[in-house]
Each structure stands twice: as C-alpha cells, then as structure tokens.
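Thank you all for coming. I would like to take a few minutes to go through one model with you, beginning with the chain as a whole and then turning to a single element.

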Amino acid sequence: NDSAVAVAEHTMMLILACAKKLVFFDRAARRGDYDIRNRVKGMDLEGKTLGLLGLGKIGHMVAKKAINGFGMEVIGYDPFLPADRWDPEVGRRETMEEIFAGSDIVSIHMPSTPETRNSVDRRLIGMMKPTAYLINAARGDLIREADLAEALQNGAIAGAGLDVFQTEPPSPDDPLFQLPNVTVTPHNAALTLETTDRMGLHAAMGIDEVLSGRQPSWPVVVPKEPRT
C-alpha cells in the first residue's frame with residue numbers, strides 16, 4: 001500500500017511516454033533529426049479508451065488519474081471485485097478479451113498467480129488494435145514475452161511500456177530491448193524518494209508495535225490466537 005501512488009503515477013508516465021513517443025523523439029532530436037516532427041506523430045489520450053486488468057488499489061488510482069486528469073474512457077476487468085465496490089466511472093467488462101479488443105491502451109494491474117502467469121499471450125495480444133499500446137508495471141511473468149516481442153516486431157500493436165520482466169535483471173540482448181517501440185524502466189515504479197522513506201518508517205513502526213505488545217498496523221497475517 002505504501003507504493004500504490006508511486007506505481008499509479010509511473011503507470012501514467014509509461015502511458016504518456018508511449019502515446020507521445022517520448023524516447024523515440026528524444027533520440028531523434030539528440031541526433032539532429034528535427035524534421036522527425038513532420039514525419040511521425042504522437043497520439044492524444046483524451047477520448048481514448050484505457051483498459052485495466054485488475055482494479056485493486058493501484059488500478060483504481062490509475063483509473064481516477066486517467067479519467068479526471070486526461071479525459072480518458074476507462075473500462076476494467078476484475079472478477080474479484082464485487083459489484084457494489086465497482087467504480088461507476090469505470091465500465092465493467094466480464095472478460096479479458098473485451099479489454100484487449102476494446103482498448104487503445106491496456107494496462108496490467110494483476111497479481112502473479114498460477115492462473116494469471118503467462119496469461120497475456122499471442123491470442124490476447126492478437127486481439128489488440130494495431131494502434132494500441134500494452135503497459136505493464138505489475139509483474140513480469142504475466143506476459144509471454146516472446147509473443148509480445150513478435151507482435152511488436154510485426155507492427156501488430158503500436159508499442160509497449162514495461163517496468164517488469166520475466167527475468168530480472170533482463171539480459172541486454174533481450175529482444176524487447178532492441179525494439180524502438182518499447183519504453184522500459186528498471187522495475188523502479190515503487191522506488192521514489194517518498195515511497196522508500198515511507199517503507200522504512202512503516203517497517204520501524206511495525207517492529208515497535210510488535211515489541212510493545214500492540215497490534216501492528218500492517219500485519220501480513222492476523223493469527224486467531226496471537227501470542228501474549
């Protein structure tokens with residue numbers, strides 16, 4: 001929970017970096033290709049559809065930022081979120097297929113479980129629009145990377161923004177790192193100055209609470225018969 005704001009902001013950064021082709025234009029401008037502005041165009045976010053896989057704390061924050069900050073339409077898939085807790089501003093979808101087929105940008109916010117690992121594969125990626133982007137600041141093993149690299153190489157989708165990878169640190173020879181339509185960060189979405197300070201403080205507070213015999217504020221598990 002300490003890092004939810006940082007990860008949601010990082011997700012929006014990756015979305016913007018992809019839509020505006022930030023790294024691509026940065027490289028072109030540095031090498032003196034100023035005319036790139038007339039040959040290649042970025043994309044507006046306003047009015048575009050953002051599809052979220054998972055609407056936990058981070059997914060919910062991303063939805064709010066996308067709707068209120070950028071005027072995006074947001075649709076979501078989360079089979080574990082009860083209907084009475086569903087944000088009315090987010091269009092509910094019952095399948096992952098509907099998210100991939102109906103979004104201009106798909107952002108993943110699911111945990112890694114036996115059911116979700118490698119679930120974002122050639123079949124789902126193949127349902128995306130050729131102008132669409134895939135964003136992942138959740139877990140690297142949710143995406144079948146070979147399938148994503150193939151789609152990016154073939155121009156089947158427009159690009160991807162990735163903070164996480166199957167193997168970390170990834171090999172510099174990783175096919176995803178060779179592609180100009182991929183923006184990568186080194187799994188640092190949660191590692192802002194504020195978040196790392198807060199993590200350290202909350203860890204110390206938890207230790208103090210336990211040693212003082214108090215109920216910790218952020219327990220991993222709550223035993224039925226706590227030690228006295």
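**The chain, then its first helix**

Of the 228 residues in this chain, 42% are buried, and I should say at the outset that what you see is a predicted model. The secondary structure consists of 8 helices and 7 strands, and the C-alpha trace spans about 70 × 40 × 35 Å along its principal axes. If we take the contacts with a separation of 6 or more, 64% of them are between residues 24 or more positions apart.

Turning to the surface, the chain exposes about 12900 Å², with carbon and sulfur atoms supplying 55% of that area. As for charge, there are 25 positive and 31 negative side chains, and the centres of these two sets lie 3 Å apart.

Now to helix α1, which covers residues 4-19. Does its length agree with what we should expect, or disagree? At 1.5 Å a residue, its 16 residues should span 22 Å, and because the end C-alpha atoms are 23 Å apart, the two values agree.

How many of the residues of α1 are buried? The count is 12 of the 16, so the helix is largely enclosed by the rest of the structure. Among those buried in α1 are V7, M12, L14 and I15, and the list also includes H10, T11 and C18, together with the alanines A4, A6, A8, A17 and A19. Just after α1 comes K21, which takes a positive phi of about 55 degrees.

Definitions and conventions: Residues are numbered from 1 along each chain as its sequence is written. This is a predicted model: local features need pLDDT of at least 70, side-chain atom pairs count only at pLDDT 80 or more; totals for chains, interfaces and linings use all residues. Side-chain values use heavy atoms; hydrogens and water are left out. Helices (H or I, at least four residues) and strands (E, at least two) are DSSP runs, numbered from the N terminus. Buried means under 20% relative accessible area, exposed over 50%, partly exposed in between (1.4 Å probe, protein chains only). Contact means heavy atoms within 4.5 Å. Accessible areas come from the Shrake-Rupley method with a 1.4 Å probe; for residues, only the protein chains shown count as cover. Lys and Arg count as positive and Asp and Glu as negative; His and the chain ends are not counted. The place of a charge is taken as NZ of Lys, CZ of Arg, CG of Asp or CD of Glu. The expected span of a helix is 1.5 Å times one less than its number of residues.
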